[in-house]
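Trainee: I should like to go through the reasoning behind some of the labels applied to this model. Please set each value against its criterion.

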Amino acid sequence: MKVARHPRHTLAILLFVALGATGWFMLWEGTHQRSSRPATDNAALNLGFQHSERLQVAAARAAADALGMKAGDPGRYGQDYRMQMMQIQADSEGLDRWAAHDVSRQGLLLEIRASLAGLRIALDQKTGSPTTAASPVHVPLLPALSRAESALSNYSASVLQGQPTQRRDTPASEKRPWLVMTLFLVELAGLAWLFFSDPLR
């Protein structure tokens, strides 16, 4: 006999679906911008830009996976979480190596490094990683994610603005990435509230 799902379980599933759709749209938006703007042809060849774009997606997916694992389903989200953490590690190291070739953006790169370090701590604490004990100070996940995404977005925007042939975006296209990011963070916040205000059982 089938048991009807608890409304909170149904809402959690809908939020996860929405997060997946928003994450996909973020990835599509970045690809669309690269293919539709002449200036991004050169930016897409910039290794720092590539690392930054991948880090934005990997960080968002890792945060969503961490919330899913915390909700009591580590088997379902754990594998993707480990993949995203490996992607973050690889692109973080790549961006650190690229820093020597991008002396004009050292401040932005330092902020990315610091924000990603904070995000890793927050993710470890959320998932109960053994390395959590290395940082006794609690780091909230959503603010850490927001800081990292903002740092990465600022760096990517700076690379694009540095292209001499870039045409100026319309106001709508300038605002769209921020609206999508805001929607993603709202969805994550809703999921976190759903899980921790009254545990799903």
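Trainee: Why is the contact between the side chains of R147 and E111 called a salt bridge?

Mentor: In this predicted model, the N to O distance between the R147 and E111 side chains is 2.8 Å. The criterion asks for a Lys or Arg side-chain nitrogen within 4 Å of an Asp or Glu carboxyl oxygen, so the pair qualifies. The two residues link distant parts of the chain, with R147 in helix α6 (residues 141-161) and E111 in helix α5, 36 residues apart.

Trainee: What makes R147 partly exposed?

Mentor: Its relative accessible area is 39%. Partly exposed covers the range between the 20% and 50% cut-offs, and R147 therefore belongs there. E111, at 30%, is also counted as partly exposed.

Trainee: How do you know that R61 and D80 form a salt bridge?

Mentor: Their side chains meet at 2.5 Å, N to O, and the limit is 4 Å; the pair therefore meets the definition. R61 lies in helix α3 (residues 47-70) and D80 in helix α4 (residues 74-98), so the bridge ties together parts 19 residues apart in sequence.

Trainee: Why is D80 called buried?

Mentor: D80 has a relative accessibility of 18%, and buried means under 20%, so the label applies. R61, by contrast, is partly exposed at 40%.

Trainee: Where is confidence highest, and where is it lowest?

Mentor: The highest mean pLDDT, 94, belongs to helix α5 (residues 106-127), whereas helix α2 (residues 40-43) has the lowest, at 52.

Conventions
Residues numbered from 1 in each chain as written. Predicted model: local features only at pLDDT ≥ 70, side-chain atom pairs only at ≥ 80, totals over all residues. Heavy atoms only, no water. pLDDT = per-residue confidence, 0-100. Helix = DSSP H or I, 4+ residues; strand = E, 2+ residues; numbered from the N terminus. Buried < 20%, exposed > 50% of the residue type's maximum accessible area, 1.4 Å probe, protein only.
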